[in-house]
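User: I would like a close look at the side-chain contacts in this structure, in particular the paired aromatic rings. Please explain them in terms suitable for a first-year student.

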Amino acid sequence: MPRSVARVLRRVPSRFALLLFAAFALLPFAWMLTASLEPSSALYRNSASLIPHPFTIQNYLDVLQPNSANSNDFVRQFVNSIIVASATVVLALAVAVPAAYGFSRFQFPARRSILYVILVQSIFPLVNFLIPLYILMQD
């Protein structure tokens, strides 16, 4: 067997596993899209399908209309989220880029220790400790 064919055959199992993983990861998004393109009453039926029946975009129209009962001013809240996310990214970059430059270019005492602290903080973000802290402070 030529080398190129053997190389391709060797990659088939890993590619198949990646394809299964991708399908498994994308299935909830497909289900969410299907559910959003069906009327609300269709969500409670017993048969499940990835093809919306009956097809409607009324759910999207209801959310985007500013005075609709279902909208809760979605557009304003979406714009607010974009503003907050953009500001967060800008501030994080304003702090992280100079710090990364300093850590990469300069040698100073405790440099390695500080980098390990940053690594551990990244591995265990503060959000992981919110529920235990809440339980501790509840009493």
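Analyst: The following account treats the aromatic pairs, then the salt bridge, and then a nonpolar patch on the surface. The model is a predicted one.

A pair of aromatic rings is described by the distance of the centres and the angle of the planes. The count of such pairs comes to three. One of them joins phenylalanine 74 and phenylalanine 78, whose rings are stacked, with 6.1 Å from centre to centre and 20° between the planes. Both residues belong to helix H3 (residues 74-105), where they stand four residues apart, about one turn of the helix. Phenylalanine 74 is partly exposed, at 37% relative accessibility, and phenylalanine 78 is also partly exposed, at 48%. Another pair, tyrosine 101 with phenylalanine 106, is edge-to-face: the centres are 6.2 Å apart and the planes meet at 85°. Tyrosine 101 is partly exposed at 49% relative accessibility, as is phenylalanine 106 at 48%.

Side chains of opposite charge can pair when their charged atoms come close. The structure holds one salt bridge, in which the side chains of arginine 76 and aspartate 73 meet at 2.6 Å, N to O. Arginine 76 has a relative accessible area of 46% and is partly exposed; aspartate 73, at 28%, is partly exposed.

Finally, a nonpolar surface patch of about 1,300 Å² includes Tyr116, Ile123, Phe124 and Leu133 among its residues. Helix H4 (111-123) and helix H5 (130-138) each supply at least two residues of this patch. Isoleucine 123 lies in helix H4.

Notes: Residues are numbered from 1 along each chain as its sequence is written. This is a predicted model: local features need pLDDT of at least 70, side-chain atom pairs count only at pLDDT 80 or more; totals for chains, interfaces and linings use all residues. Side-chain values use heavy atoms; hydrogens and water are left out. Patches are made of residues with over 30% relative accessible area and no salt bridge: like charges are joined within 9 Å, nonpolar side chains (Val, Leu, Ile, Met, Phe, Trp, Tyr) within 5 Å. Accessible areas come from the Shrake-Rupley method with a 1.4 Å probe; for residues, only the protein chains shown count as cover. A salt bridge is a side-chain nitrogen of Lys or Arg within 4 Å of a carboxyl oxygen of Asp or Glu. Buried means under 20% relative accessible area, exposed over 50%, partly exposed in between (1.4 Å probe, protein chains only). Rings of Phe, Tyr and Trp (its six-membered ring) pair if their centres lie within 6.5 Å; planes under 30 degrees apart count as stacked, over 60 as edge-to-face and the rest as tilted.
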